[in-house]
Structure formats: C-alpha cells, structure tokens
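Please take a moment to open the sequence and the coordinates together. We will walk through a sheet and then turn to some cysteines.

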Amino acid sequence: MCLALPARVVEIPEAEVAVVDVDGVRKRISLALVDGVACGDYVIVHVGYALARLDPDEAQRTLDEFARAGLAPQAAR
Amino acid sequence: MKYIDEFRDGGVARGLAAAIAGAAEPGRRYNLMEFCGGHTHAISRYGLADLLPASVNMIHGPGCPVCVLPIGRIDNAIELAARPGLILCTYADTMRVPASQGLSLIKAKARGADIRMVYSSADALAIARAHPDREVVFFAIGFETTTPPTAVVIREAAALGLANFSVFCNHVLTPAAISNILESKDVREIGTVPIDGFIGPAHVSTVIGSAPYEYFAEEYQRPVVIAGFEPLDVMQAILMLVRQLNEGRAEVENEFTRAVTREGNVKAKTLVAEVFELRRSFEWRGLGEVPYSALAIKEAYAAFDAERRYGITYRPVPDHKACECGAILRGAKKPVDCKVFGTACTPENPLGSCMVSSEGACAAHYTFGRFKDVAVVARPAAVPVVEGARA
Amino acid sequence: MSVRPGYVRPVDFRNGRVDLTHGGGGRAMAQLIDELFVAEFDNDLLRAGNDQAAFAAPPGRMVLATDSHVVSPLFFPGGDIGCLSVHGTINDVAMAGAVPLYLAAGFILEEGYPLADLQRIVRSMAAAAREAGVPVVTGDTKVVERGKGDGVFITTTGVGVVPPGVRIAGDRARPGDRILVSGSVGDHGVAIMSLRENLSFETTILSDTAALHELVAGMVAAVADIHCLRDPTRGGLATTLNELARQSGCGMLIDERRIPVRPQVAAACEFLGLDPLYVANEGKLVAICAADDAPALLAAMRAHPLGHAAAIIGEVIEDPHHFVQMDTSFGGRRVVDWLTGEQLPRIC
C-alpha cells in the first residue's frame with residue numbers, strides 16, 4: 001500500500017512547494033509535512049506530498065549490507 | 001531511477017536468495033506475514049517467491065486500505081456523489097470497488113454523478129476553490145501514510161474559511177490491524193495459523209516510526225522487520241527475520257533506515273493528532289469490527305466533516321457467502337482455498353476485498369501467480385543472443 | 001456600395017464555432033466542407049465533390065479497416081486526434097502486411113466547438129496523410145448538440161492491398177517463433193496522462209503516434225513469411241500479446257530486460273503506479289516470425305527510423321492455458337495477464 005517513490009528536489013519555487021525530478025519527469029509536490037528540505041535532497045513522495053527525506057548514507061549502508069549478505073558462506077539450495 | 005533501480009538488482013537478489021537459503025535451518029518452517037499491500041505487490045510483480053526456499057512461507061496480510069474498506073462506506077460515497085451539484089473527489093483506487101446494487105463509483109459516474117479522480121488531496125482542495133458554488137467532498141482513504149496529506153488540506157481549508165469543502169474520512173490504523181490478526185482465533189490457537197514474524201510496512205513507518213511495533217514484538221513475542229518498498233529490501237528483511245527466529249529473538253529491526261527512524265515524522269504525526277481522533281470502533285471488510293482502528297475528524301474541524309455535514313448513516317453490508325476473505329486476510333487460508341477464486345470471483349468481477357485491489361492477496365495471486373497452480377509448462381529453449389536495445 | 005457578385009463570406013475560422021447548420025446538409029455545411037476539408041485534404045477524388053470516391057482496385061487481396069477516435073485531450077504532446085486518426089487506420093491496414101491506398105474520414109462535431117481548433121486538427125490530418133502518401137478521398141460530417149459529444153470524434157476507414165504471398169494473421173504464431181517489438185513501449189499513454197486533469201506532471205514525453213506502413217513494407221520485403229503483426233494500442237503490449245496467444249492457441253515467454261522502455265516513461269509510471277506493459281502505444285508494432293527469420297526481421301526493423309530501437313523480446317511456447325509469462329529483471333517469473341478494466345493510477 002502507499003505507493004511512494006524517492007525523487008530529487010530540483011526547485012523550491014515557493015514556501016512548502018517543491019518541484020521534484022525522477023529521470024526527467026518533474027512534478028510539483030507539497031513540502032508541508034517535512035521541514036528543512038533543500039535542492040538536491042531526495043524525498044519520499046506519496047500522493048503529491050513529501051513524507052520524509054531520504055538519507056543517502058543509510059541508503060549506501062543498506063546496499064552494502066545486501067552485498068555483504070550475498071557474500072556470506074551459503075549452503076546449497 | 002536513483003534509489004529505486006539499485007534496489008531491484010537481479011544479481012544482488014541471487015546473493016540474498018542464497019543467503020536466505022543458507023540461513024534457513026533444515027526442518028524448520030518460517031511463516032512470515034507481509035502486512036503491507038505494497039509488499040504483496042512487490043513479491044508478486046518480481047516473482048520473489050521463486051527466489052525463496054520452500055521453507056519460507058509468505059502470508060499476505062490485510063494492508064490494503066481499499067481492500068478493507070467496507071461496502072457500506074462505498075455506498076455512502078456513492079450516496080454523496082448522487083447529491084445534485086456535489087463533486088466527489090477520490091483516489092483512482094476506489095473507482096472500481098463493487099458496492100451495493102451492482103454499483104461502483106465508476107458506474108455512478110457513468111450515470112451522471114460528478115466524480116473526479118485526483119492524484120492528491122491538494123487537487124481536491126483546488127477543485128473546491130475553483131468551484132465556490134459547488135459542494136466538494138474528498139473521499140479520504142488510506143493508512144497512516146495517506147492521513148497526513150488529508151490533515152494538511154483540512155487545516156488549509158480552515159485557514160481559508162472555505163465553506164464548500166469537506167472530507168469523508170476513512171483513514172485506518174496499522175497497529176490495530178496487526179493486533180486484530182494476532183488476537184484472532186486462528187492465530188492464537190496453536191497449530192492453526194502460525195505467524196512467526198512480520199514484515200512491517202515501508203511508508204506507513206516513515207510517518208509513525210519504528211517505535212509503535214515494539215509493543216507487538218514484546219507482547220506477542222514475534223520479530224518485526226520494517227522493510228523498504230523494493231524487492232531487495234523485502235529479501236533483506238526476510239533474511240533478518242529468519243536470523244531473528246533462528247536466534248530466538250523478537251525485536252523490531254529497521255531495514256528501511258534510509259527513510260524510517262524510530263520516531264518517524266513528528267511534524268506529520270502532530271498535524272494528524274490536531275485534526276483527527278480515534279473512533280471507538282470501525283468495520284474492516286473481512287475482519288469485522290476492530291476497536292480503535294480508525295480516525296474521525298475532531299469537533300474543532302466539524303465544518304469539514306462530510307459525515308456530519310450530510311448526515312451520513314453507515315449501513316453494514318455482508319460479503320458474499322462463499323467469500324473467504326476474512327480467513328485469507330488473517331493468513332488462515334490461501335486464495336486457492338476459496339471456492340469462488342478465479343471463477344465467480346476475478347479482478348474483473350471481484351466478490352470480496354482480497355480481489356478488489358491489485359494489492360489484495362487474491363488479486364495478486366490471480367494476476368501474477370496463478371499459472372503456478374496449473375501443470376508446469378515445459379521450459380522453452382533460451383532466447384537467442386541477438387540483444388534488444390533499450391531506448 | 002454594391003455587393004460584389006458571387007461574393008460569399010468565407011468561414012470564420014478565427015472566431016467561429018461549429019453550429020447545427022454545419023451538419024444540416026445545406027449551404028453552410030457545403031461551405032465548411034469546401035473551405036476546410038476539401039481545401040486541406042486537397043486531392044482530385046475529394047474535389048470531384050461526390051458522396052463517394054471511385055477508383056480502380058489494384059490486383060490482389062484487399063484489406064479494409066476502420067477506427068473510431070475519441071481521445072481526450074484532443075491535443076497532446078506529439079500529436080492530436082487528427083494525425084492519430086490517420087496513423088491509427090493506416091496501421092490497422094498495415095498490420096495485415098497490406099499497402100494502404102485510401103482513407104475515408106467521418107467527423108462528429110459538437111455544437112460550439114471552435115473552428116480554429118477544428119482547422120488545426122484537419123490540417124494535422126492532412127499533413128499526416130500527405131506524409132504517409134495515403135489521401136483522404138471521401139468523408140462525412142455531422143453535428144451533435146452541445147453536451148452530446150466531446151468536441152470532435154473522428155472515424156477513419158482505410159483500404160489497402162496485400163502483396164502476393166503475404167499472409168499475416170493473429171492465429172499464425174507457432175511454438176518456437178520469436179516475438180519482436182519495434183521500439184519503446186508506453187510513450188503514448190504517458191503523454192496523454194501528463195495532460196489529464198489532476199495528473200499533470202511536467203515531462204517531455206511525446207506520443208509516439210506514427211504511420212507504420214513503410215516500416216512494414218521494409219519488413220515484408222526482408223522476410224516473406226512474417227506470421228503475425230499487431231499494433232499494441234489500448235491495453236498496451238501485454239494485451240496484444242495475450243490476444244495473439246489466445247488467437248494462435250499457444251503461450252508466450254518474454255524477458256522483461258529486453259523490452260525497451262524509455263527512462264521517463266518508466267519514471268512517470270512509477271509516480272502513478274502504472275505498468276508500462278499496459279500503457280497504450282500508437283506508433284509501435286509487435287511482430288512474430290519463425291526463429292530463423294528473426295535476425296533478418298530485426299535488421300529490417302532497425303534499418304527504419306520508426307524501428308531503430310526494435311528488439312527481440314521473447315518466444316512463443318506450447319501452453320494449453322495460453323499464458324503470457326515473463327522472466328522479470330529481478331530473476332523471478334510471473335504471468336503478464338490481460339488488462340482488468342482500464343488501467344488507473346493508484347495510491348496504494
């Protein structure tokens with residue numbers, strides 16, 4: 001449920017309004033629910049609102065974790 | 001797409017699949033419920049079941065706000081839309097849900113009701129502002145992810161002093177639903193439906209944080225891992241649950257650290273608390289009456305409450321006799337166990353909540369997985385090497 | 001001051017609107033036809049002024065196809081209902097491997113529709129017909145009362161002739177055949193949605209609307225025995241594959257990684273919760289041929305600008321259930337089912 005996707009903030013034309021970009025597709029969304037968003041940040045967008053800022057360091061840590069888990073010694077399926 | 005594609009990498013998936021297979025103890029079964037419809041969708045769409053060992057059994061939970069919306073509430077929405085001059089704004093998800101007397105919102109629209117699909121609550125507010133002479137009602141549905149956007153527009157409407165805008169509120173709460181499942185007879189009784197652990201919802205958790213799940217882990221001694229929306233997130237969460245179960249732990253772990261913190265989105269939660277209050281009870285399709293599981297608009301914002309404004313009376317409507325949604329939502333049965341699955345009940349003609357939305361267990365299985373129920377088709381030869389070009 | 005003899009006030013395309021007299025059969029209608037349709041479509045058959053167009057049929061099997069166009073909005077990035085109606089019917093004819101010869105166009109106009117916009121649409125149709133080398137040689141105009149139409153509805157009918165030896169039909173796919181697509185999927189549907197009320201986002205995705213008959217001619221010249229051709233319009237690639245599977249009595253297995261999807265289309269679909277496989281296309285085709293013919297067919301497609309991104313996406317298999325299965329980019333396998341109703345965006 002709750003279809004949402006990470007999008008990059010490319011413009012903040014007014015207070016509480018951002019233009020976000022995903023692979024060249026841009027949309028105006030509301031920043032009413034998240035403070036301190038700056039251009040270049042990634043936000044999670046749901047029904048036209050940013051719900052949270054995405055933490056790039058945590059994202060990388062998570063990807064590293066996937067890779068680490070994949071390298072661990074494994075039993076045959 | 002950044003932060004999306006990397007989390008869908010097939011190569012990494014194989015590594016995680018091997019890790020899960022390696023971690024799963026021989027002779028032990030792992031029954032894991034993914035609460036959230038988005039996770040159900042991811043599992044189906046990416047064929048995740050193919051990558052899991054047979055000992056890991058995924059149970060699809062009720063986490064689809066459209067699926068659990070009772071027929072009676074759709075009837076109320078249709079009633080509102082039928083009022084002359086009223087504009088009903090709704091998310092597209094509700095349009096095809098069958099209601100009483102063979103109606104649905106899309107059919108009501110065909111008969112002349114002014115029903116408009118919106119992507120955002122903000123669009124509904126804009127319509128109200130653009131048509132000051134018309135009554136505009138926003139049909140609000142969704143879990144905790146979708147509730148703050150509704151709170152924002154109610155507050156804005158109040159600030160603007162809008163006289164023609166109101167909200168028909170059907171927001172529901174995740175923890176209450178999880179409790180209901182864990183409290184159900186099938187689950188509590190030993191040997192019926194063991195649910196060993198939960199994959200916690202992704203985006204609900206960005207709002208409510210990971211803290212609310214600590215109660216379940218503690219009270220019911222079952223691990224919860226909050227997982228992101230992408231297939232690799234789900235696999236990693238499954239691995240973390242398997243490890244917790246092996247180690248006899250029952251903790252809340254967060255796989256979706258890039259967007260979820262323990263406290264969640266405080267600003268959003270505060271806004272929601274300002275505008276909404278708990279209903280004592282609310283009917284969930286397939287689960288019956290669930291206490292303290294839904295929200296109503298507070299007295300202070302009564303002017304924007306469509307239920308008060310239009311004197312809406314809720315009339316419960318029972319589901320089809322053969323419908324097994326209740327058992328399926330609790331994980332007690334699988335879609336194929338239902339007598340009408342795939343015959344009388346299909347995505348084109350859904351009889352129960354699990355088939356209504358593409359996130360429902362039955363719809364997901366029908367759309368993505370039913371070919372596995374039939375005799376295996378002979379594997380074809382590999383497609384030739386001539387590569388396709390990606391535009 | 002005297003009135004110039006024979007003076008007829010020209011149609012006011014700048015500020016005028018369609019009214020019921022334009023469909024009434026009288027002078028106003030004749031004038032509109034003359035100053036708009038005949039003027040823009042500009043060919044001898046139409047200028048002859050008859051209720052029908054007479055022409056000699058070339059030798060060979062004839063193909064007849066018709067399409068009604070009700071697209072909304074009428075103007076969208078990359079096209080409009082006018083060129084769409086020309087491309088759509090030319091494509092239906094071309095999917096039989098036939099060479100399109102002539103088009104007929106019927107218009108249902110809503111009272112009150114601006115003549116300036118109608119002129120734009122007709123000019124677009126005329127340009128598309130000219131570019132394709134397929135003239136609009138006869139037509140009809142009706143006007144309905146305000147509120148009973150969506151501005152403009154257009155029905156186009158096309159006639160063509162099949163080259164000797166060509167037999168292309170939906171029931172000719174056989175296990176072992178290869179499935180090809182001529183380019184990226186989902187462009188048209190996304191371009192349309194980007195304009196729809198309340199779904200608007202700023203994107204440069206253009207509709208892919210195009211006439212495919214020349215691409216097809218090149219394909220037929222390269223591979224004499226193409227089994228199936230179909231253009232995946234409403235319901236998208238998934239629906240077309242399911243149709244062909246059912247007609248041919250077989251199954252299909254495709255590879256998600258091989259299906260071309262433009263990044264912007266993928267992104268727009270993510271926003272709205274849509275699956276590009278189910279989104280409409282108006283300038284693409286699906287081709288099915290024997291495995292041995294696939295490399296040559298692919299080369300012929302890629303040689304044409306409208307097929308530059310063509311790809312082999314899978315193969316036809318034995319399957320009594322006629323499922324279309326897909327190996328996902330993730331490594332799993334799933335069924336790509338028929339579209340249920342109309343694909344709508346979702347929040348959950």
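What follows is a short tour of chain C. The model is predicted, so local features need pLDDT of at least 70 and side-chain atom pairs count only at pLDDT 80 or more, while totals for chains, interfaces and linings use all residues. Residues are numbered from 1 along each chain as its sequence is written, chains are lettered from A and ligands numbered from 1 in the order in which they are written, and side-chain values use heavy atoms, without hydrogens and water.

Let us begin with the sheet. In chain C, seven strands (DSSP runs of E, at least two residues, numbered from the N terminus) make up an open, mixed sheet, ordered 8-10-7-11-9-12-13; two strands pair if DSSP finds at least two bridges between them. Strand 8 (228-230) and strand 13 (333-335) of chain C are the edges: each has a single partner strand, so one side of each lacks a neighbour in the sheet. From one strand to the next, the twist averages 25°, with axes fitted to C-alpha atoms and angles taken from 0 to 180 degrees between N-to-C directions.

Look next at strand 8 of chain C, which runs antiparallel to strand 10 (residues 286-289) of chain C and is joined to that strand by three bridges. Here C:C228 sits opposite C:I288.

Now for the cysteines. Across all chains, the search finds zero disulfides, meaning pairs of cysteine sulfur atoms within 2.5 Å. For C:C289, the nearest cysteine sulfur belongs to C:C228, 9.8 Å away. C:C289 is buried (under 20% relative accessible area, with a 1.4 Å probe and protein chains only; exposed is over 50%, partly exposed in between), at 0%. C:C269 also counts as buried, at 2% relative accessibility.

Definitions and conventions. Helices (H or I, at least four residues) and strands (E, at least two) are DSSP runs, numbered from the N terminus.
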